[in-house]
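Trainee: I'm new to this one and would like a close look at a single part: the loop with the cis peptide bond. Could you start there and then place it among its surroundings?

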Amino acid sequence: MDICKKLAAELQIRVPQAEAAVKLIDEGNTIPFIARYRKEATGSLNDEVLRSLDERLRYLRGLEERKEQVLSAISEQGKLTAELEKQIREAETLVAVEDYYRPYKQKRRTRASMAKERGLEPLAEQIWEQSLEQEAVLCAQNFVNPELGVETPEAALQGACDILAERISDNAEYRTFLRDAMRNCGSVISEAKTPGAKSVYEMYYQYEESVRKTTGHRVLALNRGEKEKFLNVRIEMEEEPALRYLEKKVIRRKEPYAEPLLRETVRDSYRRLILPSLEREIRAELTEKAEDGAIQVFGKNLEQLLLAPPIVGQVVLGWDPAFRTGCKLAVVDATGKVLDTAVIYPTAPQNRVEDAKKVLKRFISQYHITLISVGNGTASRESEQIIAELLREIPEPVRYIIVNEAGASVYSASPLATEEFPEYDVGQRSAISIARRLQDPLAELVKIEPKSIGVGQYQHDMNQKKLGEALQGVVEDCVNRVGVDLNTASASLLSYVSGVNKTIAKNIVSYREEHGAFRSRKELLKVPKLGPRAYEQCAGFLRIRGGDNPLDMTAVHPESYRAAEELLKRLGCRPEDIPAGRLAGISKKVPDVKSMAESLGLGTETLKDILKELEKPGRDPRDEMPAPILRTDVMEMKDLKPGMILKGTVRNVIDFGAFVDIGVHQDGLVHISQMSHRFIKHPLEAVHVGDVVQVKVLSVDTERKRISLTMKL
């Protein structure tokens, strides 16, 4: 198999692009580095395509490796034919390879293998070849051997048929045909394990849907319902067409003695061996596809959350709501430094509202707080009402926002939080994290395991290794897209920079603490364990403001510094013009980018990127994202009426819709059918996490706490 041609066809890119990407990956380059600084080589493939290519590359290489193992194993048995070798080498999936290997695979003891041990294979061959010259029972009489456990002719026949049933089941051609039939014509069926039992899976108590049409979120819901012992799930398809197909393949001529045996053997093979095996395979296939889809949605949601625009220049009060243990508060200044902490008890059972308001008024007055960041967990609604009351009582212009606090408690109890804030308890650390999430979402959220952030669906039910790897890649892409301030970034944030692992990240912070702020990117080479290779991968993503070289504050890679300086010289500019912001519109001075790039020894795409950086040095892509909605008052579900038009923030996107925060504590659901006047296959075609959207209330169910919304205004 030509892997590069295969990758090019699958990803709809040119073969030279695939070859260049594979070469760069094999050389140890990271995906962010290739996407940003090797555009000429790959034809400007973005990080998303490169990650897909990397994943498929690993699969296809694993497939080729497995083929060699299988060919070797069959060859050692002396059973490898030229035709079989050709079939295996041309197989395009691991499933197909395993189908071809199945008859030669070392199996645990089966009815067929025991029958072979009893010497019944010659009888099986006579039945298979339909060469019985008399009644089957009479032929079987010759194979009766009490010493081997064959007591009667009937037992001999049964053993011979068991051998043939396994042979039919192991046939790759038959399995491929029936697997495709199950995919196209089978049905997913679920029933209640205990009819009448109350559960969230009641809609699946009598459920049937075509395998072909079953959506990913339904598959994951069925799997969870089965795991929690509420559902029995199976896949069925019509038996008769499958049996007719097998009989046509197996019974090659009318032979009165063998034909009835073969018909019964086909039925036994299908029911006992083929159907259960294919059902497991199809369910595993559906689950894998559903997981891949859910991981993709989770990744998109996480990307939008990480790229939420930072709220800069404001003193923020972080509020971690709770009932019995009190609400934890943390005041954080515009740089993220903790100024003060407190615990108040305005919620049940203490209900010390007035005492809480006194503390809040003092904090707002003393520290000039302009924004309150409230976690959306337990007691969030009650806290929001108290805050709204407070804001009506004070003269200061303070606003509040509800933030997703998923993962805050995980972080606050982690060794990292203990190391960062040893003087504060778990609750106070959580409040600090909630405050800092507004000031710089990316820098704060990278401290939390991505799958704990909670912007997906069924994330705890899927392959955790695959989920972790995918989300790790999303965080890495976001961090490198934004860039990192070398002199202020935490070790957690640095560890996601291209070419920087956790050890190097800690070494960078230690070096910074010992020697003071970095003055140039070259100084990175003095950091222990950060060699030339790691420097090449990471340098362009690390920014230094106010350093010795103004280019260090841009995304221009050091390997292009000489060309960038020559470019500035030709255009009558100086490096000092970069931090002064005097290079706006510089790209207009280069009408022929291609010839300029050639004269500078650069690629055209690289020169375009350099010009963009010189025009807006250290630009933050998050500035283009929608700003969050800041509130001063609170609504309740009882205030909602059908037809009301409101503004809301998309909190989560799932396969069948999106949940939107409209300021009533309970997020409303915009079903996929209510998202657009045009047909869309997935909600991500219409909205992303963090989007600010206008919605209309369709219905409100206060008892079940459900709000139905539409974006079709």
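Mentor: Let's get the labels straight: helices (H or I, at least four residues) and strands (E, at least two) are DSSP runs, numbered from the N terminus. Residues count from 1 along each chain as its sequence is written, and side-chain values use heavy atoms, with hydrogens and water left out. Keep in mind that this is a predicted model: local features need pLDDT of at least 70, side-chain atom pairs count only at pLDDT 80 or more, and totals for chains, interfaces and linings use all residues.

Now your loop. Pro349 sits between strand S6 (338-344) and helix H16 (353-367), and the peptide bond joining Ala348 to Pro349 is cis, with omega about 5°. That loop between S6 and H16 also holds Asn351, which isn't a glycine but has a positive phi, near 55°. Asn351 is partly exposed at a relative accessible area of 48% (buried is under 20%, exposed over 50%, partly exposed in between, using a 1.4 Å probe and protein chains only).

Another loop, between helix H13 (216-227) and strand S3 (231-236), holds Lys229. Here too a residue other than glycine has a positive phi, near 65°. Lys229 is exposed, with a relative accessible area of 60%.

On to a helix pair. H5 (residues 47-76) and H7 (residues 94-101) pack at about 5° with axes 10 Å apart; axes are lines fitted to C-alpha atoms, for helices over the stretch in contact, and angles run from 0 to 180 degrees between N-to-C directions. The two are therefore roughly parallel (under 35 degrees; over 145 is roughly antiparallel, 65 to 115 roughly perpendicular, the rest oblique). Residues making the contact (heavy atoms within 4.5 Å) include Tyr59 and Leu63 of H5 and Leu94 and Val97 of H7.

Finally, the inside. A nonpolar core is a set of buried Ala, Val, Leu, Ile, Met, Phe, Trp, Tyr and Cys residues joined through side-chain atoms within 4.5 Å. The largest has 144 residues, and Ile127 and Ile508 touch the most other members. Helix H15 (residues 259-306) gives the most to this core, 16 residues. Leaving out residues up to four places away in sequence, Ile508 touches Leu486, Leu494, Val500, Phe518, Leu524, Val527 and Leu530. Apart from the largest core lies another, of 28 residues, with Leu24, Leu71, Leu84 and Val97 among them.
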